[in-house]
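Hi everyone, thanks for coming. Have a look at the sequence and the model on the screen, and I'll walk you through a few spots.

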Amino acid sequence: MAIIKKDEVSLRSFSDKDFVKLFQLIDKNRNHIGQWLSWVSKTHSEKDVKKTLLEWKEKDKRQETLHLKIFYNQSFVGVISFNTISKENKKAEIGYWLDKNYQGKGIMTKACKLLIEHGFNKLKLHRIEISCADGNSKSCAIPQRLGFKKEGYFKQAGLINGKFFDVNWFGLVVNDWKKI
């Protein structure tokens, strides 16, 4: 089980038994994260989460993705992942969400930094990307804080709950990360 840790923030691999706690965290934050993440409206039960965890485990095993739990002072508070990993192009895209009660503490910025360091140092990636809904200012602030460059703006590129939204695209290459 992978554990990446710095100070009070740690990233840990999911186990098969995590589906109950993950569903509880999703359900508790349903309105908060559901406005930005399309899969939330399709997650109705522990059974749905169990199926998702099995899919993640298979993709993680093939190194197509990497899904990790975010812990803050030993409390499970969110999820961070490389939603896609392209070995051929040496790049990955980060996705994340955090319990609304833990926002504003720098947790997600620290979690992203840990995952970025893992991606560049252990996975030998060359590029990491983050996309965020244009209206999600807290999510868009994270890549900017970490030295990512805004590389694109895609009009009505996402769809959640029947509404289209604009997407900001951020990128970071390893040489720029080393300068930070």
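**A helix with two sides**

Let's start with helix H3, where the buried residues are Val49, Leu53 and Trp56. Seen down the axis of H3, those buried residues fall within an arc of 65°, so they line one face of the helix. If you're wondering how that works, an α-helix has 3.6 residues a turn, so residues three or four places apart point the same way. Keep in mind that what we're looking at is a predicted model.

Now, what's on the other side of H3? There you'll find Lys47, Lys51 and Lys61, and they are exposed. As for the buried side, the cover includes helix H1, residues 19–28, plus strand E3 (66–72) and strand E4 (75–86).

Here's a little check you can do yourselves. H3 has 16 residues, 46–61, and at 1.5 Å a residue it should span 22 Å; the C-alpha atoms at its ends are 22 Å apart, so that agrees. And just after H3 comes Gln63, which takes a positive phi of about 60°.

Okay, on to the cores. Which residues touch the most other members of the largest nonpolar core? The core has 35 residues, and the answer is Ile80, Ile94 and Ile116. Helix H4 gives the most to this core, with eight residues. Take Ile116: leaving aside neighbours within four places in sequence, Ile116 is in contact with Ile94, Ile128, Leu146, Phe148, Leu172 and Trp177. There's also a second, separate core of 15 residues, and Trp56 is in there, along with Ile26, Ile33 and Trp97, among others. Remember Trp56? That's one of the buried residues of H3.

Next, Ser81, which sits in strand E4. Is Ser81 buried or exposed? Its relative accessible area is 4%, so Ser81 is buried; the cut-off for buried is under 20%. The Ser81 side chain makes a polar contact of 2.5 Å with the side chain of Asn83. Leaving aside neighbours within four places in sequence, Ser81 is in contact with Leu66, His67, Glu93, Ile94, Gly95 and Leu115.

Last stop: Asn101. You'll find Asn101 in the loop between strand E5 (91–98) and helix H4 (107–121). Asn101 has 49% relative accessibility, so it counts as partly exposed, since exposed means over 50%. And if you look across to Arg145, 44 residues apart from Asn101 along the chain, their C-alpha atoms are separated by 21 Å.

That's my tour, so over to you for questions.

Note on methods: Residues numbered from 1 in each chain as written. Predicted model: local features only at pLDDT ≥ 70, side-chain atom pairs only at ≥ 80, totals over all residues. Heavy atoms only, no water. Helix = DSSP H or I, 4+ residues; strand = E, 2+ residues; numbered from the N terminus. Expected span 1.5 Å × (residues − 1). Buried < 20%, exposed > 50% of the residue type's maximum accessible area, 1.4 Å probe, protein only. Arc of directions from axis to C-beta. Contact = heavy atoms within 4.5 Å. Core = buried A, V, L, I, M, F, W, Y, C linked by side-chain atoms within 4.5 Å. Polar contact = N/O pair within 3.5 Å; in protein donor to acceptor, adjacent residues only side chain to side chain.
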